[in-house]
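Please open the model in your viewer and keep the sequence panel visible. The stops below may be selected in turn.

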Amino acid sequence: MPGTERAIDVVDNPGRHQFEVRVDGALVGKAVYAVSGSRVIFLHTEVDPKVQGQGIAQELARQALDAVRASGRTVVPQCPFIAGYIRRHPDYADLVSPP
């Protein structure tokens, strides 16, 4: 249906240590992280309940993990949502930092 497309943008906000997701310009979620050397430790992911169930969190996870991959770093998925996303998308398993 024309005109129903929403703009979903994910950006890294290193000053706040989070990837932020915006829908049509409005901040609706974040994936909070810490950096330790070459590892990005995902701590917590949240999305506004008003947009839950619309694939926004999955897009946030996908783009955040793609950004980590592009940076050459690895991931420590302490956040249950990010850990579950990686389990469901094994093409990201190579990003997980060894213990």
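Select R69 in this predicted model: with a relative accessibility of 33%, R69 counts as partly exposed. Add D94 to the selection; the two side chains form a salt bridge, with 2.5 Å from N to O. This pair connects distant parts of the chain, since R69 belongs to helix α1 and D94 to the segment after α2, 25 residues apart. D94 counts as exposed, at 55% relative accessibility.

Remain on helix α1, residues 56-71, and select E59 and R62. The closest N and O atoms of their salt bridge are 2.6 Å apart. The two residues are three positions apart in the helix, and therefore about one helical turn separates them. R62 counts as partly exposed at 31% relative accessibility. Now include D66: salt bridges with shared partners join E59, R62 and D66 into one network.

Turn next to the open sheet, whose five strands are ordered β1-β2-β3-β4-β5 with mixed pairing. Colour β1 (8-13) and β5 (74-77): these stand at the edges with a single partner strand each, so one side of each has no neighbour in the sheet. On average, neighbouring strands are turned by 30° against each other, direction ignored.

Within the sheet, select β2 (residues 18-23) and β3 (residues 26-36), an antiparallel pair joined by six bridges. Here F19 is found opposite A31 in β3. Then select E20 and R22, which form a salt bridge with the closest N and O atoms 3.3 Å apart. E20 is buried at 6% relative accessibility, whereas R22 is partly exposed at 29%.

Finally, display helix α2 (residues 80-88), which lies across β4 (39-47) and β5 and runs at about 120° to β5.

Notes: Residues are numbered from 1 along each chain as its sequence is written. This is a predicted model: local features need pLDDT of at least 70, side-chain atom pairs count only at pLDDT 80 or more; totals for chains, interfaces and linings use all residues. Side-chain values use heavy atoms; hydrogens and water are left out. Two strands pair if DSSP finds at least two bridges between them. Helices (H or I, at least four residues) and strands (E, at least two) are DSSP runs, numbered from the N terminus. Axes are lines fitted to C-alpha atoms, for helices over the stretch in contact, and angles run from 0 to 180 degrees between N-to-C directions. Contact means heavy atoms within 4.5 Å. A salt bridge is a side-chain nitrogen of Lys or Arg within 4 Å of a carboxyl oxygen of Asp or Glu. Buried means under 20% relative accessible area, exposed over 50%, partly exposed in between (1.4 Å probe, protein chains only).
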